[in-house]
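Please look over the sequence and the model below before reading on. The paragraphs that follow go from helix packing to strand pairing.

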Amino acid sequence: MLNAKKLVTRAFDYYRRDGLPGLTYVAARKLMWEPRQHYRQRKWSRVRAAAHPEPPLVHTPRGVRLYLNPQDSGISVELCAAGVHEPILTDILADYISAGSTIVDIGANIGYFALQEAKLVGLRGKVLAFEPFPVTFDFLQRNIALNHATNVHAQQLAIGEACGTASFYGFAEANWNSMVTCGREYASKIEVSVASLDEILADETSVHALRMDVEGFESHVIRGAVKTIDQHRPTVIMELHSALMEYDDVADLLKFFEERRYEIRIAFPRMREEFIARPPTARSIRAMRTPTFAELLADERLRTKQDNFSIVIAPV
């Protein structure tokens with residue numbers, strides 16, 4: 001009964017915000033989720049077996065090729081089945097990243113977004129990619145070499161408030177790996193090196209954009225990047241994991257940017273990326289009314305349902 005009640009209230013929230021298309025999406029997602037997962041797992045098993053002993057290879061947007069981690073049941077499965085991860089954000093990147101830019105990519109994983117960014121900045125630009133988990137970092141380096149991406153500079157580091165070491169948790173879904181667990185069952189725990197962006201980027205003359213997917217560690221990353229943000233005023237592209245953060249932390253994070261005269265350019269629930277039949281286009285997202293910080297914080301999907309949001313924040 002509780003699950004049915006949550007589904008009804010969530011459907012109502014999406015209907016109120018997005019009308020009938022929003023309601024239809026929630027219903028279709030619920031109905032097709034298990035069949036989709038079953039199909040993806042079966043395809044992953046076949047592809048992985050066919051590639052053995054080498055890791056599977058997949059072609060993704062902008063001509064990027066990626067070796068997939070055979071032991072991963074998260075992003076690797078998704079890329080094997082669909083050839084794209086977060087298709088809306090993948091498309092939208094081109095709106096905010098241009099040739100010659102310097103991009104910082106935190107939580108680079110196996111390199112999907114870092115290598116998309118590398119294509120957009122070209123040889124005159126560069127991507128500084130950070131990934132702390134050893135196995136994932138090995139795949140990141142391998143994928144950089146595979147794509148001859150000499151403009152991607154990878155470091156095996158977690159990004160936080162200050163230099164030091166900290167516990168890092170690995171999950172069966174490698175894109176869930178995080179500095180926080182929030183009650184989730186993790187597969188491994190290791191100690192990793194941590195540094196702040198203010199320390200790492202002290203000698204950079206320009207930073208144009210910061211993309212991060214750090215599974216609930218967003219506030220810590222930003223607290224270690226105050227000087228960087230104040231000096232360079234980069235566009236910030238991130239997944240806001242409200243399901244893994246206290247609401248007050250989410251509010252403080254967004255108010256930090258509002259106080260520095262940033263504004264929201266794009267904000268949509270991450271679940272919109274989880275397409276059922278075909279990838280959604282970014283056109284409808286671009287056409288949506290952009291919320292203010294106050295409106296986003298008041299959105300029940302974030303405030304009480306704790307839906308994760310993909311957001312782009314840029315200086316005014």
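How are helix 3 and helix 4 oriented to each other, roughly parallel or roughly perpendicular? In this predicted model, the axes of helix 3, which spans residues 87-96, and helix 4, which spans residues 112-121, come within 10 Å and cross at roughly 30°. Since angles under 35 degrees count as roughly parallel, helix 3 and helix 4 are therefore roughly parallel to each other. The crossing of these two helices is, in addition, right-handed.

The contact itself can be followed residue by residue: helix 3 contributes Leu-89, Thr-90, Leu-93 and Ala-94, and these meet Tyr-112, Phe-113, Gln-116, Glu-117 and Leu-120 of helix 4. Divided by character, the residues of this contact of helix 3 with helix 4 comprise 6 nonpolar, 2 polar and 1 charged.

Turning to helix 2, which covers residues 75-82, one finds a helix that is mostly covered, with 7 of its 8 residues buried. The buried residues in helix 2 are Ile-75, Ser-76, Val-77, Glu-78, Leu-79, Cys-80 and Ala-81. Just after helix 2 comes Gly-83, whose phi is positive, at about 75°.

The strands remain to be considered, and here strand 8, residues 188-195, pairs with strand 6, residues 158-159, in the parallel sense over 2 bridges; within this pairing, Ala-158 has Val-194 in strand 8 as its bridge partner. Strand 7, residues 164-170, is joined to strand 8 by 7 bridges, and these two strands run antiparallel. Ala-166 stands opposite Val-192 in strand 8.

How values were computed:
Residues numbered from 1 in each chain as written. Predicted model: local features only at pLDDT ≥ 70, side-chain atom pairs only at ≥ 80, totals over all residues. Heavy atoms only, no water. Axes fitted to C-alpha atoms, helices over the stretch in contact; angles between N-to-C directions. Helix = DSSP H or I, 4+ residues; strand = E, 2+ residues; numbered from the N terminus. Parallel < 35°, antiparallel > 145°, perpendicular 65-115°, else oblique. Left-handed = near helix turned anticlockwise from the far one by under 90°. Contact = heavy atoms within 4.5 Å. Nonpolar A, V, L, I, M, F, W, Y, C, P; charged D, E, K, R; others polar. Buried < 20%, exposed > 50% of the residue type's maximum accessible area, 1.4 Å probe, protein only. Pairing = 2+ DSSP bridges.
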